[in-house]
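The following report describes a strand and its partners, and then a residue in a loop. Please keep the sequence and the model in view while reading.

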Amino acid sequence: MKRRRFLLTAATFVSGAAPLARGADQSPTPEFEALRPSLEDPSQGWESLFNGRDLDLWNPLQDPGRAPKPFDWEIATDVWLDPDDPKKLVRKREPYSGNSRAFVNNQRGKSDSPITKKNYADIELYLESMVAQGSNSGICMMGLYEIQIRDSFGRTELNYGDNGGIYARMIGDKRVGGEPPRFNASRPPGEWESFHVWFRAPRYDRNGKKTQNASFLRVVHNGRRIHDEFELTGSTRGWSPWEEKPQAPLLLQGDHGPVAFRNVYIRTLRTT
């Protein structure tokens, strides 16, 4: 697909705003508050992937094709930009009191990526992320199909590698396709951002032949709809941990810079 660029004129995305430092607002995002009644209603089928104490529902990726990285994510009661170095995240660690709410990779931003212990196919996903200045990460559905997380605040020309972009495929030694977000909905580094994703897994026949590609049905970033009906002809990862298949774990990229996650919820995709 031909790469497109979008020019933004909204004053809300003017660059140069001061990043948040210690004492910044750590309250729930408006997107989380709006969705909270559904998330907390057992009849709605949501499953929390973070218990606030540990990463018991996750495994390290341990990609055999790459150099090993430590699985040293920390549980934090608070996260903010380092006032002395905004390219780092500071984390507050206290004994668990029911308020721990984020997991953060190491200070170098080079922790092994967590993957869910369970496999998933068609899903709806909600999560929140925070990056340091200049950092990036990714939400990889089935470990293969990536929505980029990146410090893109203030950018006016967007491509697939910006925050909310659907990453391009690697074919040979070239990146092909991908899709920039429709809007730059990015908040400044050090602020919590929300991603709400509706995803359909690839389909296979009885002989294991793929009959339908995976697809991002809808992606909403910080309350703004940035993608609709984007077909994925294959993995968007430069180095895929496994081949395409009917079910696979969710992967959160942890080795491309400082990043924190919280409020991670998943449920089987609903048709209505």
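Two strands are taken to pair if DSSP finds at least two bridges between them, and strands themselves (E, at least two residues) are DSSP runs numbered from the N terminus. This is a predicted model, in which local features need pLDDT of at least 70 and side-chain atom pairs count only at pLDDT 80 or more, while totals for chains, interfaces and linings use all residues. Residues are numbered from 1 along each chain as its sequence is written, and side-chain values use heavy atoms, with hydrogens and water left out.

Strand β8 (residues 123–131) pairs with two strands, as set out below.

| Partner of β8 | Sense | Bridges | Residues standing opposite |
|---|---|---|---|
| β13 (residues 193–200) | antiparallel | seven | Tyr126 and His196 |
| β19 (residues 259–268) | antiparallel | eight | Leu125 and Ile266 |

Nine of the nine residues of β8 are buried (under 20% relative accessible area, 1.4 Å probe, protein chains only), so the strand is largely enclosed by the rest of the structure. In a regular strand the side chains alternate between the two faces of the sheet. In β8, Ile123, Leu125, Leu127, Ser129 and Val131 point one way, whereas Glu124, Tyr126, Glu128 and Met130 point the other way.

Thr236 lies in the loop between β17 (224–232) and β18 (251–252), and Thr236 counts as buried because its relative accessibility is 2%. Beyond its neighbours within four places in sequence, Thr236 is in contact (heavy atoms within 4.5 Å) with residues including Leu144, Glu146, Tyr167 and Arg175. A polar atom of the Thr236 side chain lies 2.7 Å from the backbone nitrogen of Glu146.

How values were computed: Helices (H or I, at least four residues) and strands (E, at least two) are DSSP runs, numbered from the N terminus. Buried means under 20% relative accessible area, exposed over 50%, partly exposed in between (1.4 Å probe, protein chains only). A polar contact is a pair of N or O atoms within 3.5 Å; within protein, one must be able to donate a hydrogen and the other to accept it, and residues adjacent in sequence count only if both atoms are side-chain atoms.
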